[in-house]
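Trainee: Could you pick one residue and take me through it closely, along with the partner it is bonded to? After that, I'd love to hear how that spot fits in with the rest of the protein.

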Amino acid sequence: MLSGMQGGGSAGCVLLICIMCLQAAVLPPPWADPVRNPCAVQPGGWQLLFWPLDGQCYRIFQQGPPCPDTMELGPGVKGAAECRCPPGTAQSPRDALCHTLFKRGPCPRGQYFAPVPDKPGKSSNSGDSVRRRWGTCREPEQCLELDHAFWARDESCYPQHERGPCPKGELLTATGSGGIGECRCKSTGALGKYYWAAGDSCHEHFTKGPCLEKGTLFLPNGQCGCTKDLPHYDATTGQCYEIGGIGPCPAGHQFTLPPNKTEHSNATKATCQCKEGHALWAETGACYRLYTRGPCPAGQFLLNSTSCVPIPCRQGRLYFPEESTCYKIGTRGPCPPGQIVLFENAVRPSVDGVSYRGMCGCSGPIEDSKQNLCHKTYEESEVLEKQCDSKAGMVKWNETCYPLYTKGPCSTGQWLVPLREGKQWYEQVPRKKQLRATCECRPGYKPTKTIVRGDIKTGSAIYIEQCQSPSVMIARFLNQNYYPQH
């Protein structure tokens with residue numbers, strides 16, 4: 001009995017020491033320092049900020065006093081309180097107020113309020129850009145196609161009364177004289193025929209929409225169903241599928257109509273056809289993306305529907321079939337000024353496999369979307385490429401070279417690791433500069449989401465991604481299981 005008590009006491013001491021060490025390992029936010037924020041000593045002080053002009057404590061992220069009505073109170077870079085525009089808004093030089101981005105806001109009729117882009121070379125997560133976000137009024141581009149609306153967030157045109165960039169249950173519709181698109185749903189007017197009363201939402205016809213039963217589509221009568229006279233009907237399964245989707249098709253196919261046919265034509269039925277850029281391999285009946293391994297032996301890629309050929313490029317280079325030549329990734333190659341050789345962005349390595357075909361494009365932000373020009377010229381890109389390539393294990397990140405498997409530009413608990421476009425491709429490159437990289441949690445660290453801003457009334461919250469150390473995870477476990485609840 002005595003030995004059992006002694007064992008329990010030893011375990012208790014060890015537990016107490018572990019808890020003390022773990023508490024010391026949890027780093028408080030900058031505004032929890034009483035020297036910078038006297039309000040931190042109050043109960044719930046981490047949610048309070050000190051405002052020096054009146055000596056009062058205010059709740060973090062609240063809108064209104066001591067800030068102007070449209071601004072919220074937030075912590076600055078060093079923990080001091082400051083007023084700034086809430087997320088999704090920016091300050092207008094016209095009235096110094098914060099307005100919602102990509103809407104009319106303070107702009108004249110026919111214009112929209114957009115964020116002022118950062119200057120080339122300026123980090124978007126710098127302290128200054130976080131504190132003060134400016135907006136400006138812009139003219140929307142005129143859509144060349146009829147019955148299209150301009151979507152300000154990506155400066156592109158989409159068909160009206162289709163989902164496009166909108167969330168599920170809303171459709172895109174043009175508003176105002178500028179034809180600026182907004183996501184809406186109404187039971188009346190032009191959107192009324194797309195309205196689904198049971199869910200108070202709007203959906204495109206002949207899509208899954210709100211339909212839960214397998215093989216049914218949302219029909220113009222406002223109901224879910226499937227009939228044999230629709231081109232979406234598949235006789236083999238007796239069900240209806242969306243045109244352009246996977247439907248009942250095997251891998252690499254899509255359920256689509258023959259050329260020059262529309263889904264409103266009942267005379268023709270959709271069939272399974274190879275996706276664009278794919279070829280049918282007769283032996284398996286599947287379609288594979290060209291210039292990937294597909295059904296070919298190791299070291300070869302699929303050239304056409306009948307041929308597998310040895311990969312013509314050495315490692316670190318991509319193939320351009322138009323010229324039957326390989327070019328190094330990240331160099332200008334056969335590309336026009338302002339562009340460099342990149343991987344095909346339409347290829348999904350986890351689905352299609354690694355593509356050995358190259359494309360021309362920008363490696364960073366696009367300066368001119370119409371001409372597809374990059375912020376940096378190709379000469380500058382090649383200089384930086386050579387600088388990174390001169391040292392093994394280096395990678396380019398925001399125009400700076402960093403060593404892999406270090407913290408580099410990443411957050412606490414993260415490190416810089418190669419971004420694999422496919423396991424087979426990069427594992428064959430010994431001690432060569434990895435072409436792209438990403439920040440990931442270090443081994444033993446766990447990715448978590450932390451609330452940085454919440455709204456008690458609406459229950460909404462804004463999260464940030466963090467990597468939690470093993471010690472913090474153990475501390476949380478102990479707090480939940482060993483601390484008594486009062």
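**A cysteine and its partner**

Mentor: Happy to! Let's start at C296, which counts as buried because its relative accessibility is 3%, and the cut-off for buried is under 20%. Do keep in mind as we go that this is a predicted model.

C296 is joined to C308 by a disulfide, with the sulfurs 2.0 Å apart. The torsion about this S-S bond is about -75°, so the disulfide of C296 and C308 is left-handed. Along the chain, C296 sits in the loop between β22 and β23 (300–302), while C308 belongs to strand β24 (residues 308–310); the pair links distant parts of the chain, twelve residues apart. The partner's surroundings are worth a look too: C308 counts as partly exposed because its relative accessibility is 24%. So the bond runs from a buried cysteine, C296, to a partly exposed one, C308.

Now step back along the chain to C274 and C287, which are also joined by a disulfide, S to S 1.9 Å. Their S-S torsion is about -70°, so this disulfide is left-handed. C274 is in strand β20 (residues 271–274) and C287 in strand β22 (residues 286–289), so the bond ties together parts 13 residues apart in sequence. Here C287 is the buried end, with a relative accessible area of 5%, and C274, at 26%, is partly exposed. You have met β22 already: the loop that holds C296 lies between β22 and β23.

A third bond worth finding in the viewer joins C166 to C183, with 2.2 Å from S to S. With a torsion of about -85°, the disulfide of C166 and C183 is left-handed. C166 lies in the loop between β10 (156–159) and β11 (171–175), and C183 lies in strand β12 (residues 180–184), so the bond ties together parts that are 17 residues apart in sequence. C166 is buried at 4% relative accessible area, whereas C183 is partly exposed at 21%.

Those bonds are among the 14 disulfides that the structure holds. The setting is rich in strands and loops: the secondary structure comes to six helices and 36 strands. Of the 486 residues, 34% are buried.

Charged pairs are there to explore as well, with five salt bridges found across the whole structure. One of them brings E322 and R357 together, N to O 2.9 Å. E322 is in the loop between β25 (317–320) and β26 (325–328), and R357 is in the loop between α3 (349–352) and β28 (358–361), which puts the two 35 residues apart. E322 is exposed, with 59% relative accessible area, and R357 is partly exposed at 24%. Another salt bridge pairs R184 with E182, where the closest N and O atoms are 3.1 Å apart; R184 is partly exposed at 32%. Then there is the salt bridge between R84 and E82, at 3.7 Å from N to O. R84 is buried at 12% relative accessible area, and E82 is buried at 16%.

To come back to where you started, follow C296 from its loop between β22 and β23 to C308 in strand β24, and the left-handed bond between them should be easy to place.

Methods. Residues numbered from 1 in each chain as written. Predicted model: local features only at pLDDT ≥ 70, side-chain atom pairs only at ≥ 80, totals over all residues. Heavy atoms only, no water. Helix = DSSP H or I, 4+ residues; strand = E, 2+ residues; numbered from the N terminus. Buried < 20%, exposed > 50% of the residue type's maximum accessible area, 1.4 Å probe, protein only. Disulfide = S-S within 2.5 Å. Salt bridge = Lys/Arg side-chain N within 4 Å of Asp/Glu carboxyl O.
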